[in-house]
There are 6 protein chains.
Amino acid sequence: MRSIEFVRNYTKYAEGSVLTVFGDTKVICTASIEESVPPFLRGRGRGWLTAEYGMLPRSTHTRMEREAARGRQSGRTQEIQRLIGRSIRAAFDLNAFGERTLKLDCDVIQADGGTRTASISGVMIAAYDAFSLMVEEGLIEKVPLNHFVAAISVGVIQGIPMLDLDYQEDSSCDTDMNVVMTESGDFVEIQGTAEGGPFSHSMLNEMLGMAQKGIDELIHMQKRVLGLEND
Amino acid sequence: MRSIEFVRNYTKYAEGSVLTVFGDTKVICTASIEESVPPFLRGRGRGWLTAEYGMLPRSTHTRMEREAARGRQSGRTQEIQRLIGRSIRAAFDLNAFGERTLKLDCDVIQADGGTRTASISGVMIAAYDAFSLMVEEGLIEKVPLNHFVAAISVGVIQGIPMLDLDYQEDSSCDTDMNVVMTESGDFVEIQGTAEGGPFSHSMLNEMLGMAQKGIDELIHMQKRVLGLEND
Amino acid sequence: MRSIEFVRNYTKYAEGSVLTVFGDTKVICTASIEESVPPFLRGRGRGWLTAEYGMLPRSTHTRMEREAARGRQSGRTQEIQRLIGRSIRAAFDLNAFGERTLKLDCDVIQADGGTRTASISGVMIAAYDAFSLMVEEGLIEKVPLNHFVAAISVGVIQGIPMLDLDYQEDSSCDTDMNVVMTESGDFVEIQGTAEGGPFSHSMLNEMLGMAQKGIDELIHMQKRVLGLEND
Amino acid sequence: MRSIEFVRNYTKYAEGSVLTVFGDTKVICTASIEESVPPFLRGRGRGWLTAEYGMLPRSTHTRMEREAARGRQSGRTQEIQRLIGRSIRAAFDLNAFGERTLKLDCDVIQADGGTRTASISGVMIAAYDAFSLMVEEGLIEKVPLNHFVAAISVGVIQGIPMLDLDYQEDSSCDTDMNVVMTESGDFVEIQGTAEGGPFSHSMLNEMLGMAQKGIDELIHMQKRVLGLEND
Amino acid sequence: MRSIEFVRNYTKYAEGSVLTVFGDTKVICTASIEESVPPFLRGRGRGWLTAEYGMLPRSTHTRMEREAARGRQSGRTQEIQRLIGRSIRAAFDLNAFGERTLKLDCDVIQADGGTRTASISGVMIAAYDAFSLMVEEGLIEKVPLNHFVAAISVGVIQGIPMLDLDYQEDSSCDTDMNVVMTESGDFVEIQGTAEGGPFSHSMLNEMLGMAQKGIDELIHMQKRVLGLEND
Amino acid sequence: MRSIEFVRNYTKYAEGSVLTVFGDTKVICTASIEESVPPFLRGRGRGWLTAEYGMLPRSTHTRMEREAARGRQSGRTQEIQRLIGRSIRAAFDLNAFGERTLKLDCDVIQADGGTRTASISGVMIAAYDAFSLMVEEGLIEKVPLNHFVAAISVGVIQGIPMLDLDYQEDSSCDTDMNVVMTESGDFVEIQGTAEGGPFSHSMLNEMLGMAQKGIDELIHMQKRVLGLEND
């Protein structure tokens, strides 16, 4: 894995805010609490959690068109924000924080591969911070945690599985896999794509084993940064 | 698996056209050849392949809003059409049919779960037919096949893995996985989501084994329907 | 007229569903009941009926761009769906089925001319079926029918009026007219366009006479298919 | 018919510009020449003609939402501008003015019914003026006129056919018909809608006869205003 | 200043309607009263005022694309309508006419420079007329006027400041400034842009002095046209 | 003025990249060079410069809707990015860097008032850096500088003019003015709005004098940070 860092309280106004650094990939992850739920959930006494993802136009090697100027989010953006939402919804108990919505925003300010896994791993901390604030304010009794989740990418380059690929590695790999796991080593999401040729079941198992080690390490980092575990 | 049927030459004008039936799920899959490639590929002497997906408003239990009227495709639609495109791009050699684009359309006329896997499995045949037509017309020498691909869903319901879920099963399952594989049992795409609780590595292996059997059967059906294999 | 067929109960979930076949033109027509009316009608105790129209991208000789991908419906699409809505609103008594909306969808899966007249003629049956279902369910006492309506195209080709033009005839005709009529031979809609040169009043009368015969036959077919009349 | 007036050269920059007044309905009609044709016509040596229609937000009794602010043109707007385009394309020979586009704009500044027929009748003059300017500038030899066209509405109110309905009449009429005709009494477009109950063939003939008289008068007015005929 | 004219009651339905003429620039300015306020103001007992701006496609020397057809308003349009809204909100007391919205529309039918300043100066009168009508109808006791406002452009051409530039002057000027002022000579809005080179503080003062004289004259014209002052 | 900081080379890929900090307002400003110009400038041998502006959804006290998700940029966003573009175009000679486009992006990651003036002041440095890189790469001979520009806000709070307002001050001020100036004290842009009551010419002069001092200081900071001037 590349050098990883989570900077809590990175911006001032969000209920949770974390700068997530995976090598040269940098993502601002925030969690915002809103005192309402979408219409289809009103009156059911439960909460909701949703995620949005974006990239600054010049987060990338060559400038990308701004989605707001273009008038719509790309398929890739929507795919990623749906993945983030599903991953973090698995981490918390939506029945345990009232009719509120947690809005997660992951905005990439520098992109060198792995932005979706960095987003998930970092916004997990921002969401935890937002729930902690609700506990402090007496709105809920405890953080409605199911289990910590983190995400990592694994790829196969010239037949060799590798963890946490940067942009150059990602561009040249045969297989690209994103894994979201809990602290107990169970899967929340697996998304694997054969970019070059198809991959075998044994290679899959090798990649998943590698991912599990990475995620275990990431979840310890998350807990340490939140003060839930000692260094 | 549910009762499965592929009806070739279902509509009259497309270069390839297959009605795909998985139980009560019915998808019209067509393949259209266009004599050009997108701007970013012009002059490179290679082809392109892209997919679009849609649902008729009343393909579902309750009527859905028409995406054309709403003015944009949902994130789900974009996610599915990107998956179909990647899957079928893996099946064919894009360097071997000149500067042409194969446009695949998968339109669901009745939806009872598994529309994305039915789309992939059926549009594979439509694409093969379109390439066969190009061979007949002397445009290319042979179908530029890498390997057949098919797709199937697997889910876990009350702890028991099940193949090819219908809508009711899909709505109540703990884990939902879509697998795209080649005839040799290698993976092209794996997308697994823990809807209920996270799932273990051994359950994953059980699901993938089940998927492999289903896909093996589907690829035999594809070949029989194309006359490449006897019943 | 070309060979015409109406296949009731073509899809499984809609309250009314008819595959309409006019020669090589095939349209899936469905009617969906919704238990509400648009805001401008709320509290007035009357119903509403609206129609939408679409074409599958490869329903046509060369593939058309998907309207959902393009982000808006064409002027032609809007013109057609407004025509379908007006025609079927004339067929039923909007005051006689409570604060409900009947949503009609006409989706062309194969297009060889006359898609708008096939849509109207077929969706009339789907709407009737949906109202019959409401009668069965005890929601209303009887089908709120004003009169059956059907539609047919007439054109002038090299000076000779012809009924129910296919795509090739339509492309080469001098005059293109769509007529929507009741069973008693009165007009609901007339839309005639001089594609070549202007047409005379006597030619108009000749075309309308021809249309009336076609529509009379269509309405008998509608009734037979609904079991309201014997063969 | 209501009091009708055509004011030529109403605005300063357009190649043709006419304020069209039908009673309290007032439409600014302009014709603009552009030295190119749409891509699908390039290199064929012929011209094109297209029309757009709009209403000022407060042209109506209660303010309408601005279509530019709403982000799209309504179905009604598109239907009307397609009708205007087809009508005026019938009036001129598109093969006789080179690879140029005539863009017609009809903008309603006050609406009291009949805006589409006023638009067609007035923009005919603006188009003629634009072609005359091209003759003056030596770009073409003569105005490429097929025949003058004009348009009028006819309606049936409590069983009695009436010409050129204003908004109040239009709102309460049983049948609403718009007729576009040439000076020789032949039809370019007929669009009739049964708003109340269906209408009979004899009533249709009565309406068309009335329309013919109105259009004859309108075409004389068009010619007088253009100086092609004496008062 | 160019020849200036304000024609009250220019159209028939709006609560206030003024044709504003500054030389060859002509703008239809209307004020519409709506009996509601936007959601964020409901229940506060105060009113709102908002403005929209548009140009007819052929108001300009060469035809502009229609914003409704293009699907969105340009940045320039939005900038102008925000300026008009702020300017006229300063002129009236929003707390003094109940929960109502005044909607201002400024539609340019001929553009020869200075359309935004003509819009502000003319729509001030239309707004006053709309409030007067509310007084007549007994809805409010008096026109909730803070102070009259008017607007004028000033520019520097080859070092010489000039008032009320037309299109040709505007295109060639070094500095372009729009000033909105009250009758007492205080500023409501100043927007100055160095088109050529930057401008000095003394030139700014010269321009503002010139603007003040123009605005003083404009406000006298507004009052005369409203009958609040004698000629 | 609040505490101000410019952090050069803040992100890794852009040709110029500056984190701009004005108190609690933080803006990432980047400059990207593209080797082409918009169509309307092709073949003229000169360059272009354009700016875009955005805010992260949770840069603000309460979360704002993401413009990319909403599908369009607000009027405010467009107004600001047009202002930034005009301001920096005045700073450089567009004829002196070939047919290239400088794209400026100002993305607010934390907003406490004055985001537009911080954007202009910071992106000036990023643009300078991008041009310096072009000099280093031998693409141009020298930075095509006309003059340094910087921007500052001035407001009047309870009758007292104040420089560089934060969000709370800005919300409560009577007058809000943004000034863009060159190092020689000349104006590039002035935009002043009376939020409370109109303001007098003498108050304007007081504000402009204050702005001039602030901008002088800012330009010295810009030069120091670029190493063009000693501390």
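**Chain contacts and one helix pair**

In this predicted model, chain C touches chain D through 27 of its residues, and chain D answers with 26. Put together, chain C and chain D bury about 2,400 Å², and carbon and sulfur atoms account for 51% of that area. On the chain C side, three residues lead: C:Glu79, C:Phe187 and C:Pro198 supply 22% of the area that chain C buries against chain D, more than any other three residues.

Next, the relation between chain A and chain F. Chain A is superposed on chain F by a rotation of 180°, with 0.0 Å of shift along the axis and an RMSD of 0.0 Å. The two copies are therefore related as by a two-fold rotation axis. Which residue of chain A comes closest to the rotation axis? That is A:Ala68, with its C-alpha at 1.9 Å. As for the interface, 100% of the interface residues of chain A are also interface residues in chain F, so the copies meet through the same surface.

Last, a helix pair inside chain D. Helix H3, residues 115-136, and helix H5, residues 201-225, have axes that come within 10 Å and cross at roughly 30°. Angles under 35 degrees count as roughly parallel, so H3(D) is roughly parallel to H5(D). The crossing of H3(D) past H5(D) is right-handed. From H3(D), the contact is made by D:Ser121, D:Met124 and D:Ile125; from H5(D), by D:Leu218, D:Gln222 and D:Val225. By type, the residues of this contact are 4 nonpolar and 2 polar, with no charged ones.

How values were computed
Residues numbered from 1 in each chain as written. Chains lettered and ligands numbered in written order. Predicted model: local features only at pLDDT ≥ 70, side-chain atom pairs only at ≥ 80, totals over all residues. Heavy atoms only, no water. Least-squares fit on C-alpha atoms with pLDDT ≥ 70 in both. Contact = heavy atoms within 4.5 Å. Axes fitted to C-alpha atoms, helices over the stretch in contact; angles between N-to-C directions. Helix = DSSP H or I, 4+ residues; strand = E, 2+ residues; numbered from the N terminus. Parallel < 35°, antiparallel > 145°, perpendicular 65-115°, else oblique. Left-handed = near helix turned anticlockwise from the far one by under 90°. Nonpolar A, V, L, I, M, F, W, Y, C, P; charged D, E, K, R; others polar. Buried area = accessible area lost by both parts, 1.4 Å probe.
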